[in-house]
Amino acid sequence: YSSMGRYKKTYWKDVKVGDIVHLSCNEQIPADILLLRSSDEYGLCYIDTQNLDGETNLKQREVPRGFKEQRLSFQPQEFRSTIECDMPTTKIYRFHGSILHPWGERIPVGKDNLLLRECILKNTDYVEGIVVYAGHESKVMLNNGGPRYKRSELERKMNLEVIWCVFILLVLCFIGAVGSGIWLDYFNDNYAPFLNVLSQGDSNPPFEGFLTFWTFVIILQVIIPMSLYVTIEMAKLLQVYLIHKDEKMYDKLCGKRVECRALNIPEELGMVQYIFCDKTGTLTDNKMIFKNCTIRGVDFSHNSSMDKNGTSGRAVIPVNPLLHQRLVSPSPPEPDLLINQSPNVSPKECHQNHIEDFFTLLSVCNTVIVAKYPHRDAMNVSGLIVHSNSMVSVDNHSMLSCIDENADEKSNAGLSTRSPSPPLSFISTSSTEPLKPNSSSMAIPMTKLGSTPVSTRPPVTKSRLLHLLPMSPKPLSPIASSPETSPLSSPVSSRRPKHLQLPSLFAKLKSRSNSSLSKLQIVSTSPTPTEIRPIYEAESPDELALVDAAFAYNCKLLKRTSNCAMISLPNEGLVEFEVLHVLPFDSNRKRMSVVLRHPITLQKILYCKGADASMLPRVIVDNEEEKAVLLKTQTQLDNYAKIGLRVLVMAKKILTETEYDAWVKEHLNAENSMVKREKLLAESYNRIENSFQLIGATGIEDRLQDGVPETIAKLRQAGIVVWVLTGDKQETAINIAYSCQLFPSNVEILTVNARSKDATETTIKYHLDAIMNGDTKADRSLVIDGKTLVYILDKRTNLQKPFLELTSYCASVLCCRATPLQKAFIVRIVKEQLHMKTLAIGDGANDVSMIQTADIGVGISGQEGMQAVMASDFAISRFKYLERLLLVHGHWNYDRLSRMIHYFFYKNATFVFVCFWYQLFCGFSGQVMIDAMYLMLYNLIFTSLPPLAIGVYDQDAPDYILQNMPRLYERGRLGQIYKPYSFWISMADALYQSIVIFFTAYGCYNDTDIGLWEFGTIICTSCLFVMTFHLAVETNSWTIIHWISLIVSIFSYFVFALLYSGVCVNCFGLQVPYWVMQHAMGTIQFWFILIYTSVVAVFPRY
């Protein structure tokens, strides 16, 4: 917003903190912006966070309190308030602050008011807000730290061996210094003409030995493989590239490949000993199907299934005939019976009210977004907002057709135009014929409040207003419009549907004896109800499944805003609740609540849904009926869990005015607090979420992903211990464990469910004694619940060691009701106390702590967003790809890098030892027989490609063998390739080969007049050939890459040697071995030495 009183376009880089920004629909957000204004009348907007966290569902944001009323009067130049907020942090989903107005009022703001950078504005004409974080201080930029860096165990071992190389170097230098001193001391009585001194007395052997020590440090420092670090990084980068390009791990359904976010631990994939796995979304599809429900102790099953032929990806939910019959009563109760139960109501009607309560809860206790119409920005090209009265937005999914009151008065003399109900909402019809008020197709018989019907038409028992809703198969975001479907773009003609005004559907009845609910009959050519399908978007698949289930029973959510929820009930028609508060779901409470005000009774109702463990203890049981309902519901929940269903418990609570007023006062204080706000809010939630009346529960099926049982079976055959850490019920988790072959059919199940420290200790000790007295190698699995973990993970109980000892006798472990912190703590104690290589895999935000704690974190890009992926080292789209990632690529990478590191230590040590042997014949003077250019290029060019080829492309076994024989994975899991003594074997091999190379050449040219440079060139060539043949012996699979690397290595050496010794006469100011290579290659001794040393030196490797 410019100083000229209008908006202007600018680059992202020029956006600064404090700027007021105007954004249009489908525009990307350039900074972290606090929302101040929205084109939506309720102050809402929706953002697509797929660029941020990968979630495809839209998120709702709202303006702070008090700014909704200023939607039309807000002027950016008049905004003078001060914004106080947190310092920039990497926590994307956390934001605390407040707006301090000049008159002293403080308005709290949070993450629901913040638009994050790189999100996209959706389903909103325009928004305006003030920038709070910009540039590199925005949350997404702070989280963009590049690839994470972890030091692998192989690198830690290699660093230790580098220290041993330093020790060997110091020993060689010390021997050389002592040898030099002794050699020079021998000439004390006899003047040495080769010394650079004027007289014999100027010679100081100790000082010369000290200088020689540092000379040897310079010429022998090649033994420290500095180039190894560079080669390893290149090899790992290429390994990561090959993993990413593996077509067998490409998911065609979602178009995703394996993503390697940590570039330096690919070999760790071949050393995994423990896998910690989440269940929902990781082992299962996280596509929820509504299967069962229980309402007040009565069970209703559903034969639901996924729509395989359709493109919606949603479940087909056939209604239960008995449940539908009880819901649709021929004589519906009064509307306020939805809340209050009268003593005169029959048990059948009572149950009908509970059913309506149940489906009302499913419809409103969620964060579902209803699709809206195409949006257009009201800002003109000059940067000014133009409010045009002619621009009327009509919501195709949540608005009611307006029927002309005058026309209704003409056709219905007894119609009342007043109503105490909330303001009208609107929808548009799908008919293209002109609507005539006096037409029989639009006859609307009504009853006047407090009087008898005057219409001669037959009475209608149910309202079917919602059957006028048009069907829209178009996706939510963006919603494409056309001249036929968009009211804003349709041509003006006589065929344009008129908008008629309907009176309110609800009125407070003066007395039950002489009044009844107004009935409404509409006969239209609109699509049938089965053809009408609103477009819902939810943040979790559970919520979507529940809303779809309610819709199947004609309990339809039509409109959802921050302060209202409009639903349609089969008997009551449209009900528009006022949303007072939404208590969001969190992993600690494991429940979600919404506080509503009923439009008729004005009572405040709290609807709550959540996990049975967090809900059932809060249900009030004050009579025998409630006790019987609770017992039946618990039994049915156990039955749901046994068949592997996810369960949610539904309950409600009627809030008195006194109770609500006392709670809301403290709740507002918690919302406004700048210190410990999250803790205060949690305490506020717990104060009101109690004394529930149990309504019912649901059972939702979450099917296993394809290939999960086979993958877990292969991992267990590879000797990997698999732990499943889940928050589900124990019965549900055990059923899934059998289904995914975590528990084989003949496994012995050990269960640890205790409610005290002593009971936990006794149970663990009992199982350990039974194992010691029986078969310690039997196939066992352990099941433990979250309450027992509380005692085990407490360090003061000293139960961690016995617990880990018990798990060491089990091939798999199942932890139920585990919290995110418990998951992370379990991974930590296994990693630190058992010193095992751990891998954690999950797909949700509750798995982030576990993923970050493990040595290797794998995230699954599933239905719960990308938070797990963002915290992981590797990301896959399906659990089944973990098998190939570990058993194939992990095995290969560990084997390749291990042998490549060994080869590097051997190669450098051999070259150093060869140079050291020459010191025995030059008086430890530090003279080197190899030219300086060969010394410099030996590791840089001549021997760099072959080990890189082994580290990237070598395969000790084909992929199909590794997958069909999982036990081959033990080589990496047990560390059989890179043993502690492997380094010393490489040193011994280097020592042996250096002796063969040097003394073979020495024997051939003994007592000859060969020159220093020729002797050194022959030895250097011999080293290259021996090391090349050594590498050829180590190669397991020959590819064109291997052949090219070896040929290029030898060819580049000879080309350089011939050019260097043949062309360069006086280069770099050094003594050049002119024509030495040409002369050496013309002798028989040269070729004999190359062949003989290559065979004898490498012979022990056969």
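User: Happy to be looking at this one with you! Which residue does UniProt list for "active site"?

Analyst: Glad to help, and please keep in mind that this is a predicted model. The UniProt record is an unreviewed entry, and the residue it lists for "active site" is Asp 278.

User: Where is the place of Asp 278, and is the residue buried or exposed?

Analyst: Asp 278 sits in the loop between strand S12 (274-277) and strand S13 (284-295). Buried means under 20% relative accessible area. Asp 278 has a relative accessibility of 5%, so it counts as buried.

User: Which residues is Asp 278 in contact with, leaving aside its neighbours within four places in sequence?

Analyst: With those neighbours left aside, one contact of Asp 278 is Leu 283. The list also includes Leu 725, Thr 726 and Lys 823. It is completed by Ile 841, Gly 842, Asp 843, Asp 847 and Met 850.

User: Let's look at strand S29 (residues 812-816). Why is it described as largely enclosed by the rest of the structure?

Analyst: Take the two faces of S29 in turn: Ser 812, Leu 814 and Cys 816 are buried on one side, and Val 813 and Cys 815 are buried on the other. Both faces are therefore covered, and S29 is largely enclosed because its buried residues number five of the five.

User: Which strands pair with S29 in the parallel sense, and which residues match up with Ser 812?

Analyst: Strand S26 (residues 721-725) pairs with S29 in the parallel sense over four bridges, and Val 722 stands opposite Ser 812 there. Strand S28 (residues 780-785) also pairs with S29 in the parallel sense, over five bridges, with Ser 781 as the bridge partner of Ser 812. The strands asked for are S26 and S28, and the residues are Val 722 and Ser 781.

User: Now the open sheet of three strands: what is its order, and what does the twist average?

Analyst: The order is S5-S6-S7, and the pairing is antiparallel. Strand S5 (82-85) and strand S7 (106-110) are the edge strands, each pairing on one side only. From one strand to the next, the twist averages 25°.

User: How many bridges join S5 and S6, and which residue in S6 is the bridge partner of Ile 83?

Analyst: S5 and strand S6 (residues 96-100) pair in the antiparallel sense, over four bridges. The partner of Ile 83 in S6 is Ile 99.

User: What is the order of the open sheet formed by four strands, and which are the edge strands?

Analyst: This antiparallel sheet runs in the order S1-S10-S2-S8. An edge strand pairs on one side only, and that holds for strand S1 (20-24) and strand S8 (114-115).

User: And which residue in S8 is the bridge partner of Ile 33?

Analyst: Strand S2 (residues 32-38) and S8 pair in the antiparallel sense over two bridges. In S8, Ile 33 has as its bridge partner Leu 115.

User: On to helix H4 (residues 205-220): how far does it reach, and what is expected?

Analyst: H4 has 16 residues, and at 1.5 Å a residue the expected span is 22 Å. From its first C-alpha to its last, H4 comes close to that, at 21 Å.

User: Where do the buried residues of H4 fall, and which helices do they pack against?

Analyst: The buried residues are Pro 205, Gly 209, Thr 212, Phe 213, Phe 216 and Leu 220. Seen down the axis of H4, they fall within an arc of 115°, so they line one face of the helix. They pack against helix H3 (153-185) and helix H22 (881-918).

User: Asn 908 has its place in H22. Is Asn 908 buried or exposed, and which residues does it touch?

Analyst: The relative accessible area of Asn 908 is 1%, so it is buried. Not counting residues up to four places away in sequence, Asn 908 touches Val 222, Ile 223, Ile 224, Pro 225 and Asn 939.

User: The UniProt annotation "transmembrane region" covers several spans, including 1015-1033 and 1080-1099. How far apart are the end C-alpha atoms in these two?

Analyst: That annotation comes from an unreviewed entry. Residues 1015-1033 are 100% helix and 0% strand, with the end C-alpha atoms 27 Å apart. Residues 1080-1099 are 85% helix and 0% strand, and there the end C-alpha atoms lie apart by 26 Å.

User: Finally, how many helices and strands does the protein chain have, and what percentage of its residues is buried?

Analyst: The secondary structure comes to 31 helices and 32 strands. Of the 1102 residues in the protein chain, the buried ones make up 54%.

Definitions and conventions
Residues are numbered from 1 along each chain as its sequence is written. This is a predicted model: local features need pLDDT of at least 70, side-chain atom pairs count only at pLDDT 80 or more; totals for chains, interfaces and linings use all residues. Side-chain values use heavy atoms; hydrogens and water are left out. The expected span of a helix is 1.5 Å times one less than its number of residues. Buried means under 20% relative accessible area, exposed over 50%, partly exposed in between (1.4 Å probe, protein chains only). The arc is that of the directions from the helix axis to the C-beta atoms. Contact means heavy atoms within 4.5 Å. Two strands pair if DSSP finds at least two bridges between them. Axes are lines fitted to C-alpha atoms, for helices over the stretch in contact, and angles run from 0 to 180 degrees between N-to-C directions. UniProt positions are given in the numbering used here, feature names are shortened, and annotations may be inferred rather than shown by experiment.
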